[in-house]
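Thank you all for coming. Please take a moment to look at the sequence and the model on the screen, and then I will walk you through a few of its parts.

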Amino acid sequence: MYRPSADELKSIDEWFATYDAIAERGAIEELADLAVFPMNVVTDVPDGYASAKQWTRAEYIEAMKESMGGGTAGLDLRSTRTPRFLSPNLVIVETEATMTIDGQEQRMHYADLLVHTEDGWAFQTMVQGGWGHGWPPAKRG
């Protein structure tokens, strides 16, 4: 089992600090610059099955514009992230987050796969339950 160094853990914290600052501003194109495409997106659908897609950069930008609008500023977003290194170049980051929308506190639980590239860390896979309304269920084979 790979054990990351303090510097490797710090690099993940720094990457997310950058990501969070960009998300707060709602700079979707800049967020896309932090990703590897095609991006894997995995969720579940209301009938109880998982769904998986691959997004292009354009599809990611469109989806994020819909979900993030003008950014996360003012949402009182608080996140606790737990990185789980599979190797020096692959890390799954589990996030538990809370945000406030219109006075209502909402909790989220999701995971991202970050991959180490020549340009630094990038996210490549997003996994979160409950977003698959209208998505086709995953099929084996």
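Before I start, one term: when I say that parts pack against each other or touch, I mean contact in the sense of heavy atoms within 4.5 Å. Please also keep in mind that what you see is a predicted model.

Let me begin with helix H1, which covers residues 6-25. With 20 residues at 1.5 Å a residue, this helix should span 28 Å, and its end C-alpha atoms are 29 Å apart, which agrees. Which residues of H1 are buried? They are Glu8, Ile12, Trp15, Phe16, Tyr19, Ile22 and Ala23. These residues cover an arc of only 125° around the axis, which puts them on the same side of H1. On the other side of the helix, Ala6, Asp7 and Asp13 are exposed. As for what the buried residues pack against, the partners are two helices, H2 (28-32) and H3 (57-68), together with the strands E3 (78-87), E4 (90-101), E5 (104-117) and E6 (120-128). Just after H1 comes Gly26, which takes a positive phi of about 75°.

Now to the sheet, which is open and is formed by six strands in the order E2-E1-E6-E5-E4-E3, with mixed pairing. At its edges are E2 (50-55) and E3, each of which pairs on one side only. On average, and with direction ignored, neighbouring strands of this sheet are turned by 25° against each other. Within the sheet, E4 and E5 pair in the antiparallel sense over 12 bridges, and Leu90 has Val115, in E5, as its bridge partner.

How do the helices sit on these strands? H1 lies across E3, E4, E5 and E6, and it runs at about 135° to E3. H3 also packs on the sheet, where it touches E1 (35-44), E2 and E6, and its direction makes about 120° with that of E2.

I would like to finish with a single residue, His109, whose place is in strand E5. Is His109 buried, exposed or partly exposed? Its relative accessibility is 47%, and because exposed would require over 50%, His109 counts as partly exposed. Leaving aside residues up to four places away in sequence, His109 touches Glu94, Thr95, Glu96 and Gln128. Of these, Thr95 is 14 residues apart from His109 along the chain, yet their C-alpha atoms are separated by 5.7 Å, while the side chains of His109 and Glu94 are joined by a polar contact of 2.6 Å.

How values were computed: Residues are numbered from 1 along each chain as its sequence is written. This is a predicted model: local features need pLDDT of at least 70, side-chain atom pairs count only at pLDDT 80 or more; totals for chains, interfaces and linings use all residues. Side-chain values use heavy atoms; hydrogens and water are left out. Helices (H or I, at least four residues) and strands (E, at least two) are DSSP runs, numbered from the N terminus. The expected span of a helix is 1.5 Å times one less than its number of residues. Buried means under 20% relative accessible area, exposed over 50%, partly exposed in between (1.4 Å probe, protein chains only). The arc is that of the directions from the helix axis to the C-beta atoms. Two strands pair if DSSP finds at least two bridges between them. Axes are lines fitted to C-alpha atoms, for helices over the stretch in contact, and angles run from 0 to 180 degrees between N-to-C directions. A polar contact is a pair of N or O atoms within 3.5 Å; within protein, one must be able to donate a hydrogen and the other to accept it, and residues adjacent in sequence count only if both atoms are side-chain atoms.
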